Amino acid sequence: MSPARSPQTTIARARSLDGVGLHTGKTCTLTFAPAPAGTGRIFVRTELPGRPQIHARAEQVVRSHRGTTLAENGVEVHTVEHVLAALAGMGVDNCLVELSGPEPPAGDGSALPFAQLLLEAGIVELPGTEAVVVRPERPVQVQGLNKAVVIWPRPGLRITYQLAYETGQVPSQRVDVDVTRETFLREIAPCRTFCFESEIEALKAQGLAQGGTLENCLVLSPAGLKNPPFRCERELAGHKVLDVIGDLALLGNRLEGHVVAERSGHDLNVQLVKKLMHTQPEERGKQEVVIDAKEIEQLLPHRYPMLLIDRVIELEEGKRVVGIKNVTVNEHFFQGHFPGHPIMPGVLIVEAMAQCGGVLLMKSSPESKGKVVYFVAINNVKFRKPVLPGDQLRFELEVDKIKSRIAKMNGKAFVGNDLVCEAELMSTVVDR
């Protein structure tokens, strides 16, 4: 990571547009509003009491299926990638994105309406400030089944995207572009979102695409495009580049490097962002650590079969911890929960989360020897998705407050980028 030699930016004046959300089908007014240096990009739900804010950071991602959904303090905003692509592609570092509903307007299915609105608002520099540029020192890669995305060190931002579908219904497409404000506005922003006609019924059954029309989404059928013409020869791959830019904006800073993506989607893009964030602890104030199972046994009294975390990968004393539990098919609880349909018990997910918080408290206590952490209260537990054999649980806990010997922590459990559980925990450190 290196500081850029250019100032941070915002917009000169507020500008708005109205429309219907692609997936929720709900009407929304979006307003881009100026923000001071250091604000970043923040969504504001103006129709809710207190105007709650959702920071556009990878930590806030709760879903990445057919769009990127953010949540903070129980408030969500859906399908943020086109808005974020416009802000990042047009070089706007600080902006409040005010929404009167849960999802930005779909517009024509591209980022062009948002990019044009930002031009109308006027993009201005903030004197006396410096933007921060993240440029990895070595290649960073994540991959899935038949798909991958990697970023290579280099000045500027270049994106290469290879699109290919096994059905053969869409010819392979490749886009290779140096991303600047000019190329984004000309080559990337106009590219529209798309789906296959065969997917529509299933999407609607999942509660998605409720606002989808032939005016805001390209629909591909065996006979060809149902709403021609394409805006450019490689519009489908171009839209995938747009999604990559929007998801990478969740880094929170400007990014430099050569991003090479093959068939990647929102899930893999966000994984890359999180991996990049882990390479810059100085920015987030974290102490990058690995506390292995042996050291965890020195900190906690639990033993098999009740020691439920395998390692701690991040820890900031008194503030934050991230721990890992690898859920194998050999877990003892799968024998009875349930035979033929193994699911990790929710109470054990919460217990593992609490143990992760216990490591944080023990590492934060100046005199932890001869002490033990007791779990004393739990509130607002929500189970979002089942945890199955083969999953890797990632627990992220942040300290809300510590008073005397009582600590209150907010915890979340993820599998990949999917939020599977969240809870408020209270613990205390006592003598053994």
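Let's start with strand β25, which covers residues 371–383 and holds Val-381. Keep in mind that this is a predicted model.

Val-381 has a relative accessibility of 32%, so it counts as partly exposed. It also belongs to a nonpolar patch on the surface. The other members are Phe-375, Ile-378 and Phe-383. Together, the four have about 330 Å² of accessible area.

Stay in β25 for Asn-380. What is the sign of phi at Asn-380? Positive, at about 50°, and Asn-380 is not a glycine. Most residues other than glycine have a negative phi. Asn-380 is partly exposed, because its relative accessible area is 48% and the partly exposed range runs from 20% to 50%.

Now to Arg-66. Here too the phi is positive, about 60°, and the residue is not a glycine. Where does Arg-66 lie? In the loop between β7 (61–63) and β8 (69–72). Its relative accessible area is 29%, so Arg-66 is partly exposed.

Next, the peptide bonds. Most of them are trans, as a general rule. Two places to look at here.

First place: Tyr-304 to Pro-305. That bond is cis, with omega near 5°. Pro-305 sits in a loop, with α8 (293–299) on one side and β23 (311–316) on the other.

Second place: His-337 and Phe-338. A cis peptide bond joins them, and omega is about -5°. Which elements flank the loop of Phe-338? They are β24 (320–326) and α9 (346–364).

To recap β25: Val-381 is in the strand, and so is Asn-380 with its partly exposed side. That's my tour.

Definitions and conventions:
Residues are numbered from 1 along each chain as its sequence is written. This is a predicted model: local features need pLDDT of at least 70, side-chain atom pairs count only at pLDDT 80 or more; totals for chains, interfaces and linings use all residues. Side-chain values use heavy atoms; hydrogens and water are left out. Patches are made of residues with over 30% relative accessible area and no salt bridge: like charges are joined within 9 Å, nonpolar side chains (Val, Leu, Ile, Met, Phe, Trp, Tyr) within 5 Å. Accessible areas come from the Shrake-Rupley method with a 1.4 Å probe; for residues, only the protein chains shown count as cover. A salt bridge is a side-chain nitrogen of Lys or Arg within 4 Å of a carboxyl oxygen of Asp or Glu. Helices (H or I, at least four residues) and strands (E, at least two) are DSSP runs, numbered from the N terminus. Buried means under 20% relative accessible area, exposed over 50%, partly exposed in between (1.4 Å probe, protein chains only).
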